[in-house]
Amino acid sequence: VIPISKQHGVITFNLCSFTSAQVLATTFDPFVGGRNFDEALVDYFSEEFRTKYKLNVKDNPRALLRLYQECEKLKKLMSAHASDLPLNIETAVLNDAWLLHFLGLCNWKTLWLAGGTKSLNRTHHDKSELQREDIYSIEIVGGATRIPAVKEQISNFFCKEISTTLNADEAVARGCALQCAILSPAFKVREFSITDVVPYSVTLRWKSSYEEGTGECEVFSKNHAAPFSKVITFHKKEPFDLEAYYTHPHEVPYPDSRIGRFTIQNVGPQHDGDNSKVKVKVRVNIHGLFSVANASIIEKQNTEGDHNDTPMDTESSSKNQGRDDELDKMQVDQDEGAQKSQAEQQNQADEESENAGTETKAACGDKQDHPAQPKAKAKVKSIDLPIQASLYRQLGQDLINCYIENEGKMMMQDKLEKERNDAKNAVEEYVYDFRDKLCGVFEKFITEEDSNKLTLMLEDTENWLYEDGEDQPKQVYMDKLQELRKFGQPIQERYMEHEERPKVLNELGKKIQLLMKAVEAYKNKDEKYDHLDPAEMEKVEKYISEAMNWLNSKMNAQNKLSLTQDPVVKVAEILTKSKELDSFCNPIIYKPKPKIEPPSDGQSKANGEHNGPVNGQSGTETKPEPAKDNSQQTKPPGEMEVD
């Protein structure tokens, strides 16, 4: 099955096997997408307008943007209709006229880019042993696949009807949602093995000391698993450069196929003058970026025997000594890459043999002439080496820091601009809101004369906002808002006090009535309050009387005022009075009764021993009955006596 995804900027082909649940091949073309059709339409109509109307649309940015918008709409309409459709574009910036042009179906089909056919051929050749007859189904997704020419071209290439069972717009979103669920610890899904690949093969080149030649090796082939790391072993006496580039420049959609140059520094010979073993780790990370991760030099030191005559064995097996000294080896880091099969490891060994470093062969031959000598214990020490990377098409660190600084300045400028706009919007919002309320809820709380003055002030502020106040500093807007609130705040406070005052007055009145009932019950010798101190109750009665007088006086004074006047008592004062009443009276009135402790068991027993016969009772009646069985009264030690 071949799923084909054609989105706005790229077209992707995948060759999948459902029997083995594997992706056999994949390819893409970053220059064949929906936007490329838009550009083709823009070029087509630009040429038509230039030929017929002598107008160059591309010279005017506004007209070009308008043309792009109309071409995108036309593309969607042509995808749903198989008839000639007009293109309407207003070129007011050119000659105050409307241009009307028809796009025929034949011309629409000819705009299918040749890159799509190349991408189809590339997908087919990636798996050359697979024939068209082996393909079971062609599934297309993506908004750009609705173009009739795209469907026709794909169907003709594979000689098979295409399938549209998947939702063209939601297929990618569903895949993204599944990937998010896999990465999230909050969801549990089936285990899928998702392995990314390297889209273009990468090769390393270095300078060889043999006849001043160069050596090279393809470290990552096309469609190699990623992320992945490999370790390459070199035998060098001095610092050396590694140049990374894409193996096939014609496949890379960039003008320069070079990746970068990496200099391995601080490399020197061993103590005996031989080449040092340098291990270089190259990596393609999860983002598909190639880099030389680190480099290290292996130092060998003898711990026993003669340092000059005894050869050192630094490997685990002595039989591989000659080969290890001879070859520039490539080893795969299995911890970060995928597990390789035994056949792949054998192929890698063959590749190492072909890319052997010639500069170490002579040294190996010299070593083989020496007679066999007893082994000496070797100590291996790994030292990290500095790497100087010079990447092509990458900005310098100074320029990056400059961009970061400019970005910070722009962020601060955006923040200040947002605060300025917020201050301006606050003034505008206050004008509109308060003007509406003057004719509504605030109408009864302001005199007619003051209302006219305030309305005129609000209108002047509104006109100022759209004329001289269109672009003013933040502080100017804040001062203007403060000036408006100076006149509007008293009106708003009178309205709020009028709405909330009855509620708090009612609550204070209820509290005073409850306290008065408690004082009346105390005077009537109610058992609930018989433990209270009379002096304290007199203070409570006096405080309640003062609160009642304060409440009545304030209510009478407030009733004499009109709604346009400021209130005599505010809600905050009433709440404060209510809290003072609670804090003074409640601890006294609701004081709990003291608890009477019952007599203890020891006191009861003592009282029983001292009590004698009463009212002619005989002394024998108070004596306990003799025990029937002395053995029952004798308790074994350790048992608990129970009354």
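This is a short tour of a predicted model, stop by stop.

**Stop 1: the open sheet**

Select strands 9, 8, 12, 13 and 18. These 5 strands form an open sheet, in the order 9-8-12-13-18. The pairing is antiparallel. Now look at the edges. Strand 9 (214-220) and strand 18 (387-391) stand there, each with a single partner strand, so one side of each is left without a neighbour in the sheet. Neighbouring strands of this sheet are turned by 20 degrees against each other on average, direction ignored.

Keep strand 8 (residues 202-207) and strand 12 (residues 240-246) on screen. They pair in the antiparallel sense over 5 bridges. Which residue of strand 12 stands opposite Arg205? Pick Glu243: that is the one facing Arg205.

As background, strands of a sheet pair through backbone hydrogen bonds, either parallel or antiparallel.

**Stop 2: a covered strand**

Move to strand 11 (residues 228-236). Is this strand mostly covered or mostly open? Mostly covered: 9 of its 9 residues are buried.

In a regular strand the side chains alternate between the two faces of the sheet. Colour the two sides of strand 11 separately. On one side are Phe228, Lys230, Ile232, Phe234 and Lys236. On the other are Ser229, Val231, Thr233 and His235. Both faces are covered, and the residues on each are all buried.

Add strand 14 (residues 276-284). It runs antiparallel to strand 11, and 9 bridges join the two. To find one of these links, select Phe234; its bridge partner in strand 14 is Val278.

**Stop 3: aromatic rings**

Next, show the aromatic side chains. How many aromatic pairs does the structure hold? There are 15.

Begin with Tyr44 and Phe45, an edge-to-face pair. Their centres are 5.2 Å apart, with 80 degrees between the planes. Phe45 is buried, at a relative accessible area of 0%.

Then go to Phe220 and Phe290. The ring centres lie 6.2 Å apart and the planes stand at 75 degrees, so this pair is edge-to-face. The pair links distant parts of the chain. Phe220 is in strand 9, while Phe290 is in strand 15 (residues 290-302), 70 residues apart. You have met strand 9 already, at an edge of the open sheet. Both Phe220 and Phe290 are buried.

Now select Tyr430, Phe434, Phe442, Phe445 and Tyr495 together. Ring pairs link these residues into a cluster.

**Stop 4: charges over rings**

Select Tyr254 and Arg393. The charged end of Arg393 sits over the Tyr254 ring, 5.5 Å from its centre. Then switch to Trp464 and Lys480. Here Lys480 lies over the face of Trp464, at 4.9 Å from the ring centre.

**Stop 5: cysteines**

Show the cysteines. A disulfide is a covalent bond between the sulfur atoms of two cysteines. How many disulfides does the structure hold? The count is 0. Compare two cysteines by their accessibility. Cys71 is buried, with a relative accessible area of 0%. Cys159 counts as exposed, because its relative accessibility is 63% and the cut-off for exposed is over 50%.

**Stop 6: the end of the tour**

Finish with Ser155, found in helix 5 (residues 148-158). Is Ser155 buried or exposed? At 15% relative accessibility, Ser155 counts as buried, because buried means under 20%. What does the side chain of Ser155 reach? Add Lys160 to the view: the side chain of Ser155 reaches the backbone oxygen of Lys160 at 3.0 Å.

Key. Residues numbered from 1 in each chain as written. Heavy atoms only, no water. Pairing = 2+ DSSP bridges. Helix = DSSP H or I, 4+ residues; strand = E, 2+ residues; numbered from the N terminus. Axes fitted to C-alpha atoms, helices over the stretch in contact; angles between N-to-C directions. Buried < 20%, exposed > 50% of the residue type's maximum accessible area, 1.4 Å probe, protein only. Phe/Tyr/Trp six-rings, centres within 6.5 Å; stacked < 30°, edge-to-face > 60°. Lys NZ or Arg CZ within 6 Å of the ring centre and 35° of its normal. Disulfide = S-S within 2.5 Å. Polar contact = N/O pair within 3.5 Å; in protein donor to acceptor, adjacent residues only side chain to side chain.
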